[in-house]
Protein chains: 2
Amino acid sequence: MKKIIGTTLLLLSMTVFGQAKEDSIQFSKISTEILNNGKGYTELKELTKNIGHRLSGSQSYEKAVEWAAQKLRDAGADKVWLQEVMIPVWERGKESLQIKTPDGKWKSLKMLSLGNSEGTGGKDVSGEIIMVISMEEYDKLPAERVKDKIVFFNYPFSQSFVETFKGYGDAAKYRVNAASLTSKKGGRFAIIRSLSSAFDDIPHTGGMRYDKDYAKIPAVAIGNTTADELENLLKSQKITAKLNSNCGMKAEKLSHSVIGEITGKKDQSVIVVGGHLDSWDVGEGAHDDGTGIVQSIEVLRTFKKLGIKNNHTIRAVCFANEENGVKGGVQYGKTAKDNNEKHLFAIESDAGGFAPRGISLEMDDTKRNQIKSWAPLFFPYGVYNFEGTYSGTDIYPLHDMGVPTAELVPDSQRYFDIHHTEEDTFEKVNRRELLLGATAMTQLIYMIDKNW
Amino acid sequence: MKKIIGTTLLLLSMTVFGQAKEDSIQFSKISTEILNNGKGYTELKELTKNIGHRLSGSQSYEKAVEWAAQKLRDAGADKVWLQEVMIPVWERGKESLQIKTPDGKWKSLKMLSLGNSEGTGGKDVSGEIIMVISMEEYDKLPAERVKDKIVFFNYPFSQSFVETFKGYGDAAKYRVNAASLTSKKGGRFAIIRSLSSAFDDIPHTGGMRYDKDYAKIPAVAIGNTTADELENLLKSQKITAKLNSNCGMKAEKLSHSVIGEITGKKDQSVIVVGGHLDSWDVGEGAHDDGTGIVQSIEVLRTFKKLGIKNNHTIRAVCFANEENGVKGGVQYGKTAKDNNEKHLFAIESDAGGFAPRGISLEMDDTKRNQIKSWAPLFFPYGVYNFEGTYSGTDIYPLHDMGVPTAELVPDSQRYFDIHHTEEDTFEKVNRRELLLGATAMTQLIYMIDKNW
């Protein structure tokens with residue numbers, strides 16, 4: 001009980017003592033500026049509608065690099081540069097999945113090959129489908145039951161978790177491992193039920209990995225409605241599936257992350273705010289992660305516009321290649337180390353541009369409790385949850401170097417309806433929700449810049 | 001400081017002592033049941049797609065009455081009945097607003113007459129437009145400047161408020177009073193900029209009132225884009241507007257609110273959960289307030305499904321005529337009084353079916369603090385804000401009789417993009433957000449039923 005009261009007193013001390021009034025006024029200025037004059041929403045429209053999806057290695061990714069550099073200059077960054085990084089190049093090409101229906105006809109299913117998956121090299125690969133619900137069920141199957149078959153991992157995305165990222169985490173192993181698990185027992189390719197919280201037929205792509213001990217066979221995703229239908233069919237009959245696809249990894253390529261900064265007035269230690277500039281090759285990469293990009297640029301613009309004198313250097317980083325390699329994040333960490341740059345703090349926005357609810361903190365308890373003590377300042381902006389202990393994928397290399405890291409926590413209810421799909425479009429983003437996320441990040445960076 | 005610590009100890013005591021564990025398990029059961037098996041989303045689809053908008057007095061409202069009664073029976077209510085209420089009948093009819101452009105041609109503007117407004121009786125009414133931004137500016141205008149003119153109240157919906165209901169409250173007086181203010185100084189009709197947080201051209205209707213001292217002249221709303229264009233035109237030239245409309249009030253009509261209840265096991269004192277069954281006559285009345293209706297029905301279904309033994313009677317009320325009269329709410333309060341029914345508590349959901357963030361409490365401090373002490377139970381469900389002190393429109397008559405009342409507080413960012421418009425459709429509602437609102441209401445009623 002004492003510990004709880006202690007934490008609570010710490011939490012409340014802001015409202016009673018100290019700089020709370022001044023900070024509260026600054027929070028309000030930041031919010032008013034961004035909600036009224038923020039450019040993030042119109043910039044997101046440019047990125048999604050003029051450039052569209054932008055997988056690593058694609059021409060559109062290179063266009064996005066140029067675009068982001070220009071937007072950082074427009075925002076008033078003192079310095080903008082491209083950071084070289086070698087990135088993997090995966091291409092989808094034409095693809096189709098068919099099943100032979102009871103009347104002997106072939107029927108096309110809406111599908112997407114999983115990202116990084118090898119294809120069939122443009123040839124038909126077919127076999128009988130066997131369905132399993134869970135990993136445990138699959139593990140019990142003898143290899144001879146799987147040999148030359150198509151394995152349908154029909155694990156449903158759980159609706160039970162209030163935070164949908166937990167449902168995603170729960171199901172992700174099927175997407176990541178389905179191909180190699182199938183290959184291990186001699187199957188021909190794998191089908192998974194999409195990691196989707198929606199009751200529709202949209203397939204979700206996303207990264208998968210190969211276990212080096214087994215042959216690289218294809219893996220594809222189908223939407224929930226198709227998965228339901230297939231599940232029903234398989235209850236009463238044998239079904240043959242046929243895949244023809246052309247996806248696969250090409251040679252690595254030189255590309256870039258994009259960085260812009262406002263130089264520190266007191267010292268050159270660095271505070272990072274970022275998102276990832278790449279997306280999967282479907283939809284428009286709006287919530288994943290166009291919103292993180294435009295929010296990060298908005299932070300710089302707001303500091304400049306309000307004339308906030310930053311003690312430390314504030315750097316917006318548009319990371320390359322989060323989706324299928326994290327090469328941008330790794331290169332950023334390596335460069336920071338090689339150049340002996342001191343990083344004070346890093347935050348990423350990569351969970352959608354929805355209304356913010358909190359900030360997840362991956363750092364020691366002293367720093368965590370200091371940020372938590374600012375909670376009353378954030379409360380009027382709908383930001384109240386500082387309980388998370390994870391941070392963004394692209395800034396893990398910084399975290400591993402001992403830098404305190406964080407992630408913006410937006411409301412998660414709609415994200416996995418559209419994540420990695422053709423439905424992740426500009427129209428799914430609400431202007432005010434997006435801008436409130438930028439507001440929360442700007443407010444946090446204002447506090448950290450002032451107090452650390 | 002002492003007071004803050006005292007409240008905090010009260011707030012935290014739940015996590016340390018008492019029934020917290022048992023309640024936490026029940027909260028989880030409620031959430032899991034609703035997120036997995038809730039029928040609110042498919043029921044909302046029926047209401048919005050099969051019946052559609054349902055203004056008081058319309059045939060579709062009467063269909064909604066039958067539909068709601070059936071859904072309450074399906075949910076397992078012990079008793080379902082219709083409560084008679086006389087409601088106003090307002091009809092829109094054909095309407096058009098045109099302006100004469102610089103080249104002398106008439107151009108049609110997208111518009112909606114405000115709800116309850118009189119029309120032009122099918123005749124053209126025209127005049128020169130004068131624009132004012134604020135009430136203060138209008139008050140300073142001499143009557144001779146307004147006589148025979150069309151007054152364009154161009155007051156913008158403020159983006160500055162984090163809670164959009166504050167922006168709505170700030171601008172609502174223009175919608176409510178524009179006609180009588182214009183009439184008072186001899187103007188012919190009023191145009192208002194819609195109460196809209198969106199940057200689009202969708203006009204928003206909504207209730208207006210006439211001051212009995214002045215002639216009833218028409219008032220119409222235009223969308224933000226049209227308002228911007230008109231504002232620009234008026235900077236450099238005189239513009240004539242022409243209205244032709246047929247709306248107006250008809251004779252009152254007998255209709256019904258719909259009520260279903262699960263009888264109390266210990267006593268017959270009543271806990272109310274409700275929403276309003278009517279909507280404006282555009283769009284589908286999805287967020288306003290189809291969501292409140294299906295959430296209220298979900299509460300009863302969940303009590304039945306989980307076999308929770310309710311001490312008190314739990315009553316779902318689908319109120320008639322919230323939008324233009326609140327006759328259903330007033331009649332419900334009157335009947336409760338006449339029948340000497342004891343009401344323990346009432347909560348309404350009428351702020352959209354978005355992810356819940358809190359519960360607003362209009363009651364004495366003892367009861368308020370008791371509910372606040374349950375906050376840690378609600379936190380895992382994203383429900384954290386118990387600071388509001390208002391409650392739903394339809395349950396004000398109960399509040400005025402001394403009943404503790406409340407309102408569900410969903411995230412407000414998207415509501416005024418679509419409120420009272422053709423865009424308030426089923427597609428704008430997210431299944432999980434809707435069901436989490438029903439979850440929070442069921443959890444709260446479980447606690448109140450158990451502890452009061």
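**Exercises on domain and chain contacts**

In this predicted model, about 1,400 Å² is buried between domain 1 of chain A and domain 2 of chain A, with 59% of that area given by carbon and sulfur atoms.

**Exercise 1.** Describe how domain 1 and domain 2 of chain A are arranged and in contact.

*Solution.*
- Step 1: Chain A is divided into domain 1 (2-88 + 251-451) and domain 2 (95-248).
- Step 2: The C-alpha centres of these two domains lie 34 Å apart.
- Step 3: The contact involves 15 residues of domain 1 and 21 residues of domain 2.

**Exercise 2.** Identify the salt bridge between the two domains of chain A, and show that it satisfies the distance criterion.

*Solution.*
- Step 1: The count between domain 1 and domain 2 is 1 salt bridge.
- Step 2: The side chains of Lys110(A) and Glu422(A) meet at 3.4 Å, N to O.
- Step 3: The criterion requires a Lys or Arg side-chain nitrogen within 4 Å of a carboxyl oxygen of Asp or Glu, so the pair Lys110(A) and Glu422(A) qualifies.

**Exercise 3.** Characterise the interface of chain B and chain A by area and by the residues that lose the most area in chain B.

*Solution.*
- Step 1: The two chains bury about 3,300 Å² between them, 61% of it on carbon and sulfur atoms.
- Step 2: On the chain B side, Gln159(B), Val162(B) and Arg432(B) lose the most area to chain A, together 19% of what that side buries.

**Exercise 4.** State the polar interactions between chain B and chain A.

*Solution.*
- Step 1: There are 2 salt bridges between the chains; the side chains of Glu433(B) and Arg414(A) meet in a salt bridge at 3.4 Å, N to O.
- Step 2: Across this interface, 20 residue pairs are in polar contact, both residues at pLDDT 80 or more.

Methods:
Residues are numbered from 1 along each chain as its sequence is written. Chains are lettered from A and ligands numbered from 1 in the order in which they are written. This is a predicted model: local features need pLDDT of at least 70, side-chain atom pairs count only at pLDDT 80 or more; totals for chains, interfaces and linings use all residues. Side-chain values use heavy atoms; hydrogens and water are left out. Domain bounds come from an automatic or database domain assignment. Contact means heavy atoms within 4.5 Å. Buried area is the accessible area (1.4 Å probe) that two parts lose on being put together, summed over both. A polar contact is a pair of N or O atoms within 3.5 Å; within protein, one must be able to donate a hydrogen and the other to accept it, and residues adjacent in sequence count only if both atoms are side-chain atoms.
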